[in-house]
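Here is a friendly tour of one protein chain, written for someone who likes to look at the atoms directly. Keep the viewer open and follow along.

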Amino acid sequence: MLESLRPAVPKRRWWQHILLWQGVSMAACALVAVLLLFQPALQPAYMVVLIAPEQQTPGWLVRASNRREVQLLPLAVTSILANRVLQFWTKGADWPAPVSLGLVEPGQSLHTTLDELPPLAPNQLFELTLEQPGGSPTGLPTGPVQFIGRAVAL
């Protein structure tokens, strides 16, 4: 008679078992630990602050999360003459000449790869020069340096 007075306990479904979820959580943690342990070593990141030579004020930032890609980011408003363009250059310590990384719109970021170049290295030179429309006709910087800086490994 007492058994009939007890309320019926609903039967648990499979997703309501705490042991199941504890097991799933432990497996997920183990997977993340294995992935972190065996991930390839990250290459050093590099940073360059490009400053205006005369004013010594920062104008652009070059960021590299690896040694094969760089991102150029504006730090301040840059104005240039209407009939000129900014051209982005880099030069390694043992390179014979600077290499163009492309034309830059004032105030716009630029992402580029260094596929044809040696990997990025500490103290590598980066600069923005003022060039003719379409860029330097010689393949080398011809205009005045607007911003310049050297790579630092972080």
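## The loop between E6 and E7

Let's begin with Asn 123, which sits in the loop that links E6 and E7. Please keep in mind that the model is predicted. The phi angle of Asn 123 is positive, about 70 degrees, although Asn 123 is not a glycine. Is Asn 123 buried, partly exposed or exposed? Asn 123 has a relative accessible area of 48%, so it is partly exposed.

Pro 122 belongs to the loop between E6 and E7 as well. Setting aside neighbours within four places in sequence, Pro 122 is in contact with Tyr 46, Ala 151 and Ala 153. A C-alpha separation of 10.0 Å is found between Pro 122 and Ala 45, and these two residues are 77 residues apart along the chain.

## The chain as a whole

Stepping back, the secondary structure amounts to two helices and nine strands. Reading from the N terminus, the order of elements is α-α-β-β-β-β-β-β-β-β-β.

The chain has 154 residues, and 26% of them count as buried. Its accessible surface is about 10600 Å², with 62% of that belonging to carbon and sulfur atoms. How far apart in sequence are the residues that meet? Taking contacts between residues at least 6 apart in sequence, 56% join residues at least 24 apart.

## The nonpolar core

In soluble globular proteins, nonpolar side chains tend to be buried together. Here, the largest nonpolar core has 22 residues. Which of its members touch the most other members? They are Leu 50, Val 70, Phe 88, Phe 126 and Leu 128. Six strands each supply at least two residues of this core: E1 (46-51), E2 (58-66), E3 (69-74), E4 (85-91), E5 (99-104) and E7 (125-131).

Val 70, one of the core residues just named, also turns up in the surroundings of a threonine. Thr 112 lies in strand E6, which covers residues 110-113. Leaving out neighbours within four places in sequence, Thr 112 is in contact with Glu 69, Val 70 and Leu 101. With a relative accessible area of 15%, Thr 112 falls under the 20% cut-off and therefore counts as buried.

## Strands E1, E2 and E3

E1 and E2 run antiparallel and are joined by six bridges. Within this pairing, Val 49 stands opposite Leu 61 in E2. The hairpin of E1 and E2 has six residues between the strands, and Gln 56 takes a positive phi there. What is the value of that phi? The angle is near 55 degrees, in a residue other than glycine. Gln 56 is placed in the loop between E1 and E2, and its relative accessible area of 52% is over the 50% cut-off, so Gln 56 is exposed.

E2 also pairs with E3: five bridges join these two strands, which run antiparallel. The hairpin that E2 and E3 form has two residues between the strands. Look for Trp 60, whose bridge partner in E3 is Pro 74; both residues come back in the next section.

## Around Thr 78 and Gly 107

Thr 78 is part of the loop between E3 and E4. Why does Thr 78 count as buried? Its relative accessibility is 11%, which is under the 20% cut-off and therefore counts as buried. Not counting residues up to four places away in sequence, Thr 78 touches Trp 60, Leu 86, Pro 106 and Phe 147. With Trp 60 there is also a polar contact of 3.5 Å between the two side chains.

Gly 107 lies in another loop, the one between E5 and E6. At 40% relative accessibility, Gly 107 counts as partly exposed. From C-alpha to C-alpha, Gly 107 and Thr 78 are 6.3 Å apart in space, while in sequence they are 29 residues apart. Which residues does Gly 107 touch, not counting those up to four places away in sequence? They are Trp 60 and Pro 74, the pair joined by a bridge between E2 and E3. Trp 60 is thus a handy residue to click on in the viewer: Thr 78 touches it, and Gly 107 touches it as well.

Key
Residues numbered from 1 in each chain as written. Predicted model: local features only at pLDDT ≥ 70, side-chain atom pairs only at ≥ 80, totals over all residues. Heavy atoms only, no water. Core = buried A, V, L, I, M, F, W, Y, C linked by side-chain atoms within 4.5 Å. Buried < 20%, exposed > 50% of the residue type's maximum accessible area, 1.4 Å probe, protein only. Helix = DSSP H or I, 4+ residues; strand = E, 2+ residues; numbered from the N terminus. Contact = heavy atoms within 4.5 Å. Areas by Shrake-Rupley, 256 points an atom, 1.4 Å probe, with all protein chains shown as cover. Polar contact = N/O pair within 3.5 Å; in protein donor to acceptor, adjacent residues only side chain to side chain. Pairing = 2+ DSSP bridges.
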